[in-house]
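Visitor: I should like to learn how to read the features of a protein model. May we work through one together?

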Amino acid sequence: MDGQPYSRVSTSWPMLGPKGRNVIIEQSFGGLKITKVAKLITLKDKFENLGAHLIQDIAQKTNKIAGDGTTTATVLARAIYAEGVKNVTVGCHPMDLCRGSQATVDRVVEFLSVNTKKVTTTAEVAQVATISANGDMHVGNLIAQAMEKVGKEGVITIKEGRMVKDKIEIIEGMHFDRGFIRPYFITDVKAQKVEFEKLFILLSEEKISILQDILPSLEAAAQSRCPLVIIAEDVDGEALAACILNKLCSQLQVVAIKASGFGDNRKSILGDLAILTGSTVFMDELNIKLEKATLDLLGSTGSITITKEDTIVLNGDGFKDAIQAHCEQIRTLLADPQRERLAKLSGGVAVIKVGVGSSEVEVREKKDHYDDALNATRAAVKEGILTGDGVALLKASLALATTGNMPGSTNPPSNPDAKIVPSGPWHEYYPPGINTLYTDNFVHICKPLI
């Protein structure tokens, strides 16, 4: 980096779009990183570094919500900041500028929502994934196949495989929307997640606060030298402190998770997990006490992946006949929550195993392509797609010049005297020679563009 203001953003435009170039980043630890999202850039000046981290947060949040568009978000963030500073310098009140910017965001989002096209077919899913993977049709087709097998609401994960070629595996598993209680349990700092293999699972319908309640389970897991996952209504007090202490001191790999759902729905989800993993749910109704837990009462599974927000259980050791019978029982219930339970329990989890490359750097880059393509495809299936190459934002900027709202709009109408603030030097954001944007019915010069 050159140490100048906006240096991170100034180098971002070559990475724009599906044909954008990658960058090579030297890390303070480990090997080189080939990517299109510079997460680990550090500038020498502490104030410039503060701004760089702010831009990184914007890009990462965009990737998390929309699945793609990190470079676009970076360029837009620079433009908003640069023009904001100029207008504050000439006397504009910062809060008025902030409110005006938010009103603009609402109108742009509304315009984009109205003009989206739904993604319905497998071919369209493959096209979206291919574009997000820098035009790699192999990655796009695998993502489309995985989504077709488990459904658009199904669970798809990306893992490093041991074979030369990439492949898809459908594994019996379950997903629920709760993650680890504290970040102290994280095992993969880079990905901010917990990953265990060949583990025991303790299921409790009640809140766990006393150490004596989990001590037998901790001792049993320690003697077997296997990780322990505790899923309960809540885990706090000395019980949580003991789990964290064991994890930090490397005495035992353990993690605590709050059970998903509320009331009867939570009971049902714990019951589903018990069938899948071959465990027993500790509850007062059955007079089964936690302090009397043994290995026979704990469940087991092949692997588990836990993030801050969700958990994926794979290869549970429950009996297949019992799982199928439980699924048939759920099918007799027609309410929506039961349909969701059935999809989670019987749909399986698609695991895309990335083949072994010629180097570790190549495998990591390929895995990043799969992650980006999967995130973008999920967002496209959920909310639809728009015209690329910035054309959608260009048309939205032209719509801002009108004072009326679109039919059905909930936003207040624009002030007739409102004026659009010019966004300034577009030639800094695009390579030399690109001075004109062609859209369906008009040609607009970029340099004086709104």
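Guide: The discussion below takes up a sheet, a pair of helices and two individual residues. Please note that this is a predicted model.

Visitor: Let us begin with the sheet. In what order do the strands of the three-stranded open sheet stand?

Guide: As a general idea, strands of a sheet pair through backbone hydrogen bonds, in either a parallel or an antiparallel manner. In this structure the order is β3-β12-β4, and the pairing is mixed. Strands β3 (155-160) and β4 (167-171) form the edges; each has a single partner strand, so one side of each lacks a neighbour in the sheet. From one strand to the next, the twist averages 25°.

Visitor: In which sense do β3 and β12 pair, and over how many bridges?

Guide: The pairing of β3 with β12 (residues 349-354) is parallel and extends over six bridges. Within β12, Val349 is the residue opposite Val155.

Visitor: Which strands of the sheet does helix α6 touch?

Guide: Helix α6 (residues 137-150) packs on the sheet and touches β3, β4 and β12, its direction making about 160° with that of β12. Helix α12 (residues 360-383) lies across β3 and β12 and runs at about 170° to β3.

Visitor: Turning to helix pairs, at roughly what angle do the axes of α4 and α13 cross?

Guide: The axes of α4 (residues 94-114) and α13 (residues 391-399) cross at roughly 125° and come within 9 Å. The two helices are therefore oblique to each other, and α4 passes α13 in a right-handed crossing.

Visitor: Which residues meet where α4 and α13 are in contact?

Guide: From α4, the residues are Arg107, Val108, Phe111 and Leu112; they meet Ala392, Leu393, Lys395, Ala396 and Ala399 of α13. Classified by type, this contact has seven nonpolar residues, two charged residues and no polar ones.

Visitor: Now to single residues. Is Thr130 buried or exposed?

Guide: A residue is called buried when its relative accessible area is under 20%. Thr130 has a value of 13% and is therefore buried. Thr130 belongs to helix α5 (residues 122-132). Beyond its neighbours within four places in sequence, Thr130 is in contact with Gly135, Asp136, Met137 and Gly140.

Visitor: Where does Lys289 lie, and how is its accessibility classed?

Guide: Lys289 is in the loop between β9 (281-282) and β10 (299-306). Its relative accessibility is 33%, so Lys289 counts as partly exposed. With neighbours within four places in sequence left aside, Lys289 is in contact with Phe282 and Asp284. A separation of 8.0 Å lies between the C-alpha atoms of Lys289 and Asp213, which are 76 residues apart along the chain.

Technical notes
Residues numbered from 1 in each chain as written. Predicted model: local features only at pLDDT ≥ 70, side-chain atom pairs only at ≥ 80, totals over all residues. Heavy atoms only, no water. Axes fitted to C-alpha atoms, helices over the stretch in contact; angles between N-to-C directions. Helix = DSSP H or I, 4+ residues; strand = E, 2+ residues; numbered from the N terminus. Parallel < 35°, antiparallel > 145°, perpendicular 65-115°, else oblique. Left-handed = near helix turned anticlockwise from the far one by under 90°. Contact = heavy atoms within 4.5 Å. Nonpolar A, V, L, I, M, F, W, Y, C, P; charged D, E, K, R; others polar. Pairing = 2+ DSSP bridges. Buried < 20%, exposed > 50% of the residue type's maximum accessible area, 1.4 Å probe, protein only.
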